[in-house]
Amino acid sequence: MSEPSSDERLQQEFNRWAEAGEGEKMERHHLDITEKTIRLMDLRPGERVLDLGCGSGWATRLLARLVGEGPEGFGQVVGVDVSDEMVRQARAASKDFENILYVWGSAEKIPWEENFFDKMLSVESFYYYPDQDRALAELFRVMAPHGRMFILINLYKDNPYSLQWVDKLKVPVHVRSEAEYVELLRKHAFENVEARRIPDDTPTPDDYQTKSFKSLDDLRAFKKMGALLLMASKPDLRTPAPGYTIY
Ligand SMILES: C[S@@+](CC[C@H](N)C(=O)[O-])C[C@H]1O[C@@H](n2cnc3c(N)ncnc32)[C@H](O)[C@@H]1O
C-alpha cells in the first residue's frame with residue numbers, strides 16, 4: 001500500500017479530532033480571539049467570505065450572519081476543510097443557514113473559482129498546511145482584487161508558550177515568527193501586510209484542567225501574549241500603472 005499524502009494524513013488526523021468532539025470544543029478556545037478578529041474584518045451584507053480550515057463551522061456561522069441579506073445583496077460564506085468529518089458536522093449544524101456552503105478540500109487546492117472572495121478568515125489552521133507557499137498561491141488566486149485576508153495563528157515562534165504543543169501534535173506543523181510570516185505574505189505579492197497580537201482575555205479558572213500546557217501559569221501567559229493575526233490584501237492587478245494608461 002502506498003504512503004498517504006500529506007493531505008490524507010491531515011484528513012485522517014482531523015477526522016479523529018472531529019469524531020472525538022474536538023471540532024465543537026474548539027469554539028470555546030478560539031471564540032474570544034475570533035470575535036476580535038471578525039470585528040476588524042468590517043464585514044458588510046453582500047460580501048463573499050472564505051473560512052479556510054473551517055472545522056465544525058461555528059465561525060463560518062458567525063460570518064454568515066454578518067454578510068447575509070442587505071441592500072447590497074445576499075452575501076455568502078464558503079467553509080473549506082480537509083477533514084470530511086468536520087465538513088459533515090459543520091453542514092449538520094448549519095441547516096438553518098441559506099448562505100453557507102461547506103466544501104471538502106485542501107488549502108493547497110482550494111475548490112473554488114478565481115477572483116471571488118472579498119474577505120477570508122482562517123482560524124488556527126494555517127500552520128498545518130504542509131506547503132504554505134502553495135496555499136498562499138491558491139489564496140491569491142481565489143481572492144477578489146482588493147480582497148482582504150485575516151489569518152489567526154496560535155502557534156508561532158514569538159509565543160514561546162505555544163511551542164509546548166509541537167511534540168504533542170500528531171502531524172507536522174510550521175513554526176515561523178511574525179517577521180517570517182510577514183515576509184512570506186509579501187513574497188506572494190500581497191499588499192498592506194500587517195501583523196497584530198490578539199490576546200485571549202477569557203479567565204482561566206484555578207481548577208481548569210489542561211493537557212496542552214505544562215501549568216496553568218503557562219496557559220495564562222500564552223493567552224496574554226495572544227495569537228498572531230496576519231492581515232493582507234490582494235492587489236488590484238486590473239489597474240494599469242499610470243505610465244501605461246491607454247487613452
Ligand atoms: C485546529 S482546527 C481549527 C478549526 C476551526 N477553524 C476552529 O477554530 O474551530 C484546524 C482545522 O484546519 C483543517 N486543516 C488542516 N490542514 C488543512 C488543509 N491543508 N486544508 C484545509 N483544511 C485544513 C483541519 O481539518 C481542522 O479542521
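The following exchange goes through a predicted model and asks how its descriptive terms are earned.

Reader: What are the ground rules for the values?

Author: In this predicted model, local features need pLDDT of at least 70 and side-chain atom pairs count only at pLDDT 80 or more, while totals for chains, interfaces and linings use all residues. Residues are numbered from 1 along each chain as its sequence is written, and side-chain values use heavy atoms, with hydrogens and water left out.

Reader: Why is the pair of Phe14 and Trp17 called tilted?

Author: Rings of Phe, Tyr and Trp (its six-membered ring) pair if their centres lie within 6.5 Å; planes under 30 degrees apart count as stacked, over 60 as edge-to-face and the rest as tilted. A search of the whole structure finds 12 aromatic pairs. For Phe14 and Trp17 the centres are 4.7 Å apart and the planes stand at 55°, so the rings pair and the pair is tilted.

Reader: What separates Phe14 and Trp17 along helix 1?

Author: They are three residues apart in helix 1 (residues 6-19), which means about one helical turn. Helices (H or I, at least four residues) and strands (E, at least two) are DSSP runs, numbered from the N terminus.

Reader: What makes Phe14 count as buried?

Author: Buried means under 20% relative accessible area, exposed over 50%, partly exposed in between (1.4 Å probe, protein chains only). Phe14 has 10% relative accessibility, so Phe14 is buried.

Reader: Why is the pair of Tyr127 and Tyr128 called tilted?

Author: Their ring centres are 4.6 Å apart and their planes are at 35°, so this pair is tilted. Tyr127 is buried at 2% relative accessibility, and Tyr128 is buried at 7%. Phe14, Trp17, Tyr127 and Tyr128 form one aromatic cluster.

Reader: How do you know that Arg48 lies over the face of Phe116?

Author: A charge sits over a ring if NZ of Lys or CZ of Arg is within 6 Å of the ring centre and within 35 degrees of the ring normal. Arg48 lies over the face of Phe116 at 3.9 Å from the ring centre, so the distance condition is met.

Reader: Is Arg48 buried, partly exposed or exposed, and what does it touch?

Author: Arg48, in strand 1 (residues 48-52), has a relative accessible area of 33%, so Arg48 is partly exposed. Contact means heavy atoms within 4.5 Å. Not counting residues up to four places away in sequence, Arg48 touches Gln76, Phe116, Phe117, Asp118 and Lys119.

Reader: What makes a group of residues a nonpolar core?

Author: A nonpolar core is a set of buried Ala, Val, Leu, Ile, Met, Phe, Trp, Tyr and Cys residues joined through side-chain atoms within 4.5 Å. The largest here has 45 residues, and Leu50, Leu52, Leu139, Met149, Ile153 and Phe190 have the most contacts inside it. Helix 5 (residues 132-142) gives the largest share of this core, five residues. Apart from this core lies another, of 25 residues, among them Ile33, Val49, Cys54 and Tyr102.

Reader: Which residues does Leu139 contact?

Author: Leaving aside neighbours within four places in sequence, Leu139 is in contact with Leu50, Leu52, Ile110, Met120, Phe126, Met149 and Phe190.

Reader: Why is strand 7 described as largely enclosed by the rest of the structure?

Author: Of the 11 residues of strand 7 (residues 143-153), 10 are buried, so the description follows.

Reader: How do you know that strand 7 pairs with strand 6 and with strand 9?

Author: Two strands pair if DSSP finds at least two bridges between them. Strand 6 (residues 117-123) and strand 7 have six bridges in the parallel sense, and strand 7 and strand 9 (residues 227-233) have six in the antiparallel sense, so both pairings meet the condition. Ile151 in strand 7 is the bridge partner of Ser122, and the bridge partner of Ile151 in strand 9 is Leu230.

Reader: What makes Ser162 count as buried?

Author: The relative accessibility of Ser162 is 0%, so Ser162 counts as buried. Ser162 is in the loop between strand 7 and helix 6 (178-187).

Reader: What makes the phi of Glu124 notable?

Author: Most residues other than glycine have a negative phi. Phi of Glu124 is near 55°, a positive value in a residue other than glycine. Glu124 lies in the loop between strand 6 and helix 5.
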